[in-house]
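Thanks, everyone, for making the time this morning. I would like to take you through one structure, and I suggest that you keep it open in front of you while I talk.

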Amino acid sequence: MAVREIRTIGDPVLRQEARKVKKFDKRLHQLIDDMVETMRQAPGVGLAAPQIGVSERVIVVELPEDEEDPQSGKLYEFVNPEIVRASDTEVEGEEGCLSIPDIVGDVWRAEWVVVTGQDRYGKPQRLEARDWLARVFQHEIDHLNGVLFIDRVEGPAKLRRLVKVKDKDGQERWKAVPLQAAVSA
Ligand code: ZN
């Protein structure tokens, strides 16, 4: 396994429509293993193959363990994922992306989705995801279509930049500030 370089905004691979995977071979398994390692090391909760420069329809997702969310703490690997059903209800929530460092924004997403696809061996799989997991799946599947979360943000007012600030006691922490202020500061 190897950690691969994460491509950032401006790299054309992030804007391409990714190819469908047809061969479930060793090369694919290596790709998925590398994606998992790269996601964990970043750290991130999801990664799509185009983010490491491979224009193929593969995503990995893993939410940190949370006792209140049974969907968390599990590793999901999806090849050729597709959203086959989505709730009419949408919820707005904050998103960031490993390919767009230090920027977060509010995005409307379906509250739940049903995702179908294949595992690394080509076996069909299906998942019902809700809340945060549903959001991450929608975000990662967007990557396979060349769509980034900033495309779905309603306007600059809904974007924020993360900056490091020092607390009174000298502790450093991240704070989200309006993009406009961050740019002119
Ligand atoms: Zn992303």
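Across the interface of domain 1 and domain 2, the salt-bridge rule finds four salt bridges, and I should say at once that we are looking at a predicted model. The two parts I am speaking of come from the domain assignment of the chain, which gives domain 1 as residues 12–154 and domain 2 as residues 156–185. Their C-alpha centres lie 27 Å apart, and the contact takes 11 residues from domain 1 and eight residues from domain 2. Between them the two domains bury about 870 Å², with 55% of that area on carbon and sulfur atoms. Which three residues supply more than any others of the area that domain 1 buries against domain 2? They are Asp102, Ile103 and Val104, which together supply 53% of it.

While we are on charged pairs, let me widen the view, since a search of the whole structure finds 19 salt bridges. One of the pairs is Glu94 with Arg160, whose side chains meet at 2.7 Å, N to O; by the domain bounds, Glu94 falls in domain 1 and Arg160 in domain 2.

Another pair is Arg135 with Glu95, where the closest N and O atoms are 2.8 Å apart. This pair links distant parts of the chain, with Arg135 in helix α2 and Glu95 in strand β4, residues 90–97, at a separation of 40 residues. Are these two partners buried or exposed? Arg135 counts as buried because its relative accessibility is 9%, and Glu95 likewise counts as buried, at 5%. Nor does the pair stand by itself, for Glu95 and Arg135 are linked with Arg109, Asp142 and Arg152 in a network of salt bridges.

Now please turn to Glu56, which has two arginine partners that I would like to take one after the other. With Arg27, the closest N and O atoms are 3.0 Å apart; Arg27 lies in helix α1 and Glu56 in the loop between β1 and β2, so this pair ties together parts that are 29 residues apart in sequence. With Arg19, the corresponding distance is 3.6 Å, and here Glu56 in its loop is linked to the segment before α1, 37 residues away along the chain. The accessibilities of the three residues are worth setting side by side: Glu56 counts as buried, at 9%, whereas Arg27 is partly exposed, at 44%, and Arg19 counts as exposed, at 51%.

Lys20 also lies in the segment before α1, and Lys20 is exposed, with a relative accessible area of 57%. Leaving aside neighbours within four places in sequence, Lys20 is in contact with Arg57 and Asn80. Lys20 and Asn80 are 60 residues apart along the chain, yet their C-alpha atoms are separated by 6.0 Å.

Let me move on to the metal site. Which residues are the protein donors of the zinc ion? They are Cys97, through SG, together with His139 and His143, each through NE2, and these donors lie 2.1 to 2.2 Å from the ion. In sequence the donor residues are spaced C-x41-H-x3-H. The two histidines are separated by about one helical turn, because they are four residues apart in helix α2. Both His139 and His143 are buried.

Helix α2 brings me to my last topic, the nonpolar cores. The largest of these has 18 residues, and Ile59, Leu133 and Phe137 are the ones that touch the most other members. At least two residues of this core are supplied by each of β2, β3, β6, β7 and α2, and the largest share, six residues, comes from α2. If you centre your view on Phe137 and set aside its neighbours within four places in sequence, you will find Phe137 in contact with Ile59, Val61, Tyr76, Phe78, Val115, Leu127 and Ala129. Apart from this core lies another, of 14 residues, among them Leu28, Met35, Val58 and Val79. As general background, nonpolar side chains in soluble globular proteins tend to be buried together.

To pull one thread out before I stop, helix α2 holds both zinc-binding histidines, carries Arg135 of the buried salt bridge and gives the largest share of the 18-residue core.

Key
Residues are numbered from 1 along each chain as its sequence is written. This is a predicted model: local features need pLDDT of at least 70, side-chain atom pairs count only at pLDDT 80 or more; totals for chains, interfaces and linings use all residues. Side-chain values use heavy atoms; hydrogens and water are left out. A nonpolar core is a set of buried Ala, Val, Leu, Ile, Met, Phe, Trp, Tyr and Cys residues joined through side-chain atoms within 4.5 Å. Buried means under 20% relative accessible area, exposed over 50%, partly exposed in between (1.4 Å probe, protein chains only). Contact means heavy atoms within 4.5 Å. Donors are N, O and S atoms within 2.8 Å of the metal (3.2 Å for Na, K and Ca); water is not among the atoms, so sites may look incomplete. Domain bounds come from an automatic or database domain assignment. Buried area is the accessible area (1.4 Å probe) that two parts lose on being put together, summed over both.
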